[in-house]
Amino acid sequence: QVQVVESGGGLVQAGGSLRLSCASSGSTFTFSRNAMAWYRQVQGKQRELVAIIGLSGMTNYADSVKGRFTISRDNVKRTVYLQMNSLKPEDTAVYYCNGYSPTWDSYDYWGQGTQVTVSS
């Protein structure tokens with residue numbers, strides 16, 4: 001099982017940028033052999049999938065962030081990044097990273113997340 005520590009969140013004005021990082025560990029989790037993803041959750045709402053990066057580096061994004069967010073990975077550092085540009089107030093949420101599979105919404109383990117707040 002992967003264990004993750006997210007960082008890089010903060011308060012930013014609309015139009016600004018942030019770069020999130022996710023450091024992973026776990027003796028039974030081979031980072032380079034797993035797709036990874038960023039998710040976000042607004043209090044009181046369901047967690048949603050934001051971006052996925054596959055083993056080969058192929059990426060996929062939620063329509064709401066396409067063209068603004070970029071996910072990347074460093075297999076040596078076992079770290080996943082999320083570059084967020086042109087931030088909007090509706091991007092305000094707690095951001096989490098985790099492995100990715102089609103059943104991600106049933107995962108038991110989630111890290112502490114990192115808060116992103118975008119002011120208008």
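Two strands count as paired when DSSP finds at least two bridges between them. Keep that in mind, as I will talk about bridges a lot. Here is one to start with: Tyr39 has Leu49, in β5, as its bridge partner. One caution before we go on: this is a predicted model.

Let's take the overall picture first. The chain has zero helices and 10 strands. Read from the N terminus, the elements go β-β-β-β-β-β-β-β-β-β. The radius of gyration is 13 Å, and the globule rule gives 14 Å for 120 residues, so the chain is as compact as a globular protein of that length. Along the principal axes, the C-alpha trace spans about 45 × 30 × 25 Å.

How much of the chain is buried? Of its 120 residues, 43% count as buried. The exposed surface comes to about 6,400 Å², with 47% of it supplied by carbon and sulfur atoms. Now contacts. Take those with a separation of 6 or more: residues 24 or more positions apart account for 56% of them.

On to the sheets. I'll start with the open sheet of six strands. Its order is β2-β10-β9-β4-β5-β6, and the pairing is mixed. Which strands stand at the edges? They are β2, residues 10–13, and β6, residues 59–61. Each has a single partner strand, so one side of each is left without a neighbour in the sheet. From one strand to the next, the twist averages 25°.

Look at β4 and β5 inside that sheet. β4 covers residues 36–41, and β5 covers residues 48–53. They pair in the antiparallel sense, over five bridges. The Tyr39 and Leu49 bridge I opened with joins a residue to its partner in β5. Here is another: Arg40 has Glu48, also in β5, as its bridge partner. β4 and β5 form a hairpin with six residues between them. In that turn, find Gly44, which has a positive phi of about 90°.

Next door, β5 meets β6. These two run antiparallel, and three bridges join them. One to find on your screen: Ile52 is matched with Asn60 in β6. β5 and β6 make a hairpin too, with five residues between the strands. Which glycine takes a positive phi there? It is Gly57, near 95°.

Now the open sheet of four strands. The order is β1-β3-β8-β7, with antiparallel pairing. At its edges are β1, residues 3–7, and β7, residues 69–74, and each pairs on one side only. Ignoring direction, neighbouring strands of this sheet are turned by 15° against each other on average.

Follow β3 through this sheet. On one hand, β3, residues 18–25, pairs antiparallel with β1 over five bridges. Glu6 has Cys22 in β3 as its bridge partner. Ser7 has Ser21 in β3. On the other hand, β3 pairs antiparallel with β8 over six bridges. There, Leu20 has Leu82 in β8 as its partner.

One more residue in β3 deserves a look: Ser25. Buried or exposed, or something in between? Ser25 has a relative accessible area of 34%. Buried means under 20% and exposed means over 50%, so Ser25 is partly exposed. Its C-alpha atom is 5.1 Å from that of Gln3, although the two are 22 residues apart along the chain.

Last topic: the cores. The largest nonpolar core has 26 residues. Which members touch the most others? They are Trp38, Val50, Phe69, Ile71, Leu82, Met84 and Tyr95. Where does this core come from? β3, β4, β5, β7, β8 (79–84), β9 (93–99) and β10 (114–119) each supply at least two of its residues. Leu82 we have met already, as the bridge partner of Leu20.

Zoom in on Phe69. Leave aside its neighbours within four places in sequence. Phe69 is then in contact with Arg40, Val50, Tyr61, Leu82, Gln83, Met84, Asn85, Leu87, Asp91 and Tyr95. Arg40 is the residue bridged to Glu48.

Apart from the largest core lies another, of seven residues. Among them are Ala37, Ile52, Tyr96 and Trp110. Ile52 is the residue that bridges to Asn60 in β6.

That's the tour. Thanks.

Definitions and conventions
Residues are numbered from 1 along each chain as its sequence is written. This is a predicted model: local features need pLDDT of at least 70, side-chain atom pairs count only at pLDDT 80 or more; totals for chains, interfaces and linings use all residues. Side-chain values use heavy atoms; hydrogens and water are left out. Axes are lines fitted to C-alpha atoms, for helices over the stretch in contact, and angles run from 0 to 180 degrees between N-to-C directions. A nonpolar core is a set of buried Ala, Val, Leu, Ile, Met, Phe, Trp, Tyr and Cys residues joined through side-chain atoms within 4.5 Å. Buried means under 20% relative accessible area, exposed over 50%, partly exposed in between (1.4 Å probe, protein chains only). Contact means heavy atoms within 4.5 Å. The radius of gyration is taken over C-alpha atoms; the globule rule is 2.2 Å times the number of residues to the power 0.38. Accessible areas come from the Shrake-Rupley method with a 1.4 Å probe; for residues, only the protein chains shown count as cover.
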